[in-house]
Amino acid sequence: MHRTAARERTYEELERIFAGVDAPFAFVDLDAMWSNADRMLQRAQGTPIRVASKSVRCRSLLDSIMQQHGFRGLMTFTLPESLWLHDHGFDDLLLAYPTADRGALGELGRLEGEGGPILMVDSVEHLDLIEAAAGTPARPIRVCIELDLSWWPLGGRVKIGVKRSPIRTPEQAQKLAREISRRPGVELAALMGYEAHIAGLGDRPLGKRAQEPVIRFVKRRSAAEIAQRRAAVVAAVREVAPVAIVNGGGTGSIHTTREEDVVTEITAGSGFYAPTLFDRYSSFSLTPAAMFAMPVVRRPSGGVATLLGGGYPASGAAGRDRLPAPHLPRGLRVDPLEGAGEVQTPVTGSAAASLRVGANVYLRHAKAGELCERFNTLYLVRGGAIADEVPTYRGEGRCEL
Ligand SMILES: Cc1ncc(COP(=O)(O)O)c(C=O)c1O
């Protein structure tokens with residue numbers, strides 16, 4: 001692995017590396033990816049990192065990452081995906097989102113061996129659904145209680161964070177743990193809480209300088225509240241069952257989540273590819289590792305170069321920060337009136353005038369794994385050359401979400 005930050009490649013280097021490849025294509029710079037991996041491990045200071053598969057969406061890369069010391073297990077995003085990964089030999093799987101997929105639950109119920117995915121639950125309704133769909137399972141289905149970690153200041157009049165689990169207090173968590181322990185078909189194996197408003201929100205948001213101190217204040221205060229509450233919840237649940245896994249965090253909070261002694265593992269995924277939303281944190285930096293290339297196909301005027309396609313906005317609340325960003329050559333921006341288009345994306349800026357038809361523009365996605373839904377393969381670059389070409393989930397015929 002890399003002890004120091006990988007150097008960013010220049011436009012000329014990329015054009016030389018990909019001289020024989022026609023755009024559009026996507027690639028991952030392995031030198032940058034492994035240096036990002038190393039920086040995440042440094043921030044985790046010995047707490048194992050569970051890898052968020054949704055942020056990688058490439059089985060071959062997930063496999064390589066799992067072979068690196070410090071990374072342990074996958075956090076998956078759908079049950080069919082988890083079963084598919086299990087079929088391919090991945091055996092430490094925590095499915096982060098509740099499932100209502102009855103067919104896949106039936107399949108899970110019939111799994112004989114060990115290492116089936118742990119399912120996420122936050123209510124009796126989830127337990128009922130799992131038991132009804134899984135029938136009498138070959139072995140108890142392991143479940144994880146999700147704890148809500150949003151911040152509720154002013155006596156709960158303000159709620160900051162994602163709207164996921166209704167379980168917030170030690171009492172609520174313990175009650176659900178008791179319900180799980182009463183049911184022979186399920187077994188409590190883990191507790192998870194995702195502090196999305198800390199881990200997934202940069203404190204230097206694009207074009208919103210005034211919000212920076214507010215975001216830092218919220219993150220600080222909320223982290224302190226979470227540390228206390230999570231410890232109390234873990235203690236209450238362990239009165240009922242010896243839960244070994246306490247999962248928390250995300251790429252943006254590795255260094256703060258690790259300070260909580262009760263957390264046994266931290267999740268991270270986006271940090272491998274380092275998409276643009278992760279440029280906006282003041283407390284750590286990463287090297288852009290995943291990019292896609294779009295060809296210049298026309299020149300409508302001197303200062304404009306128009307690319308084929310490129311309209312891959314990221315999920316989440318719509319805004320400028322969700323658009324793909326032209327990365328190389330430097331000095332390009334997406335035209336504000338047209339944005340990134342379904343079939344054509346005009347780019348302007350100082351570098352546009354020198355771009356000829358047939359040249360590439362290298363763009364970065366705002367989020368990590370979603371890029372892989374647009375390409376069947378990823379070129380893997382190491383040193384100054386293409387080392388491999390591997391299928392994405394999409395390239396393997398998978399369409400999860
Ligand atoms: C439950 C959960 N944990 C962790 C993460 C963090 O993933 P990443 O490191 O890719 O931001 C996410 C991202 O959405 C998540 O939903």
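**Exercise 1.** How many aromatic pairs does the count come to in this predicted model?

*Solution.* The count comes to 16 aromatic pairs.

**Exercise 2.** Classify the ring pair of Phe-77 and Tyr-393, then place both residues in the chain.

*Solution.* Start with the geometry. The ring centres are 6.4 Å apart, and the planes meet at 5 degrees. Planes under 30 degrees apart count as stacked, so Phe-77 and Tyr-393 are a stacked pair. Next, the location. Phe-77 is in the loop between strand S3 and H4, while Tyr-393 is in the segment after strand S17. The two are 316 residues apart, so this pair links distant parts of the chain.

**Exercise 3.** Now classify the pair of Trp-84 and Tyr-393, and decide whether each residue is buried or exposed.

*Solution.* The ring centres of Trp-84 and Tyr-393 lie 5.1 Å apart, with planes at 85 degrees. Angles over 60 degrees count as edge-to-face, so that is the label here. Trp-84 lies in helix H4, so the pair ties together parts 309 residues apart in sequence. For burial, the cut-off is under 20% relative accessible area. Trp-84 has 11%, so Trp-84 is buried. Tyr-393 has 0%, so Tyr-393 is buried too.

**Exercise 4.** Which residues have the most contacts inside the largest nonpolar core, and which helix gives the most to this core?

*Solution.* The core has 69 residues. Those with the most contacts inside it are Phe-18, Leu-61, Phe-272, Tyr-273, Tyr-362 and Leu-378. Helix H2 gives the most, with eight residues. A second, separate core has 30 residues, including Ile-130 and Ile-226.

Note on methods:
Residues numbered from 1 in each chain as written. Predicted model: local features only at pLDDT ≥ 70, side-chain atom pairs only at ≥ 80, totals over all residues. Heavy atoms only, no water. Core = buried A, V, L, I, M, F, W, Y, C linked by side-chain atoms within 4.5 Å. Buried < 20%, exposed > 50% of the residue type's maximum accessible area, 1.4 Å probe, protein only. Helix = DSSP H or I, 4+ residues; strand = E, 2+ residues; numbered from the N terminus. Phe/Tyr/Trp six-rings, centres within 6.5 Å; stacked < 30°, edge-to-face > 60°.
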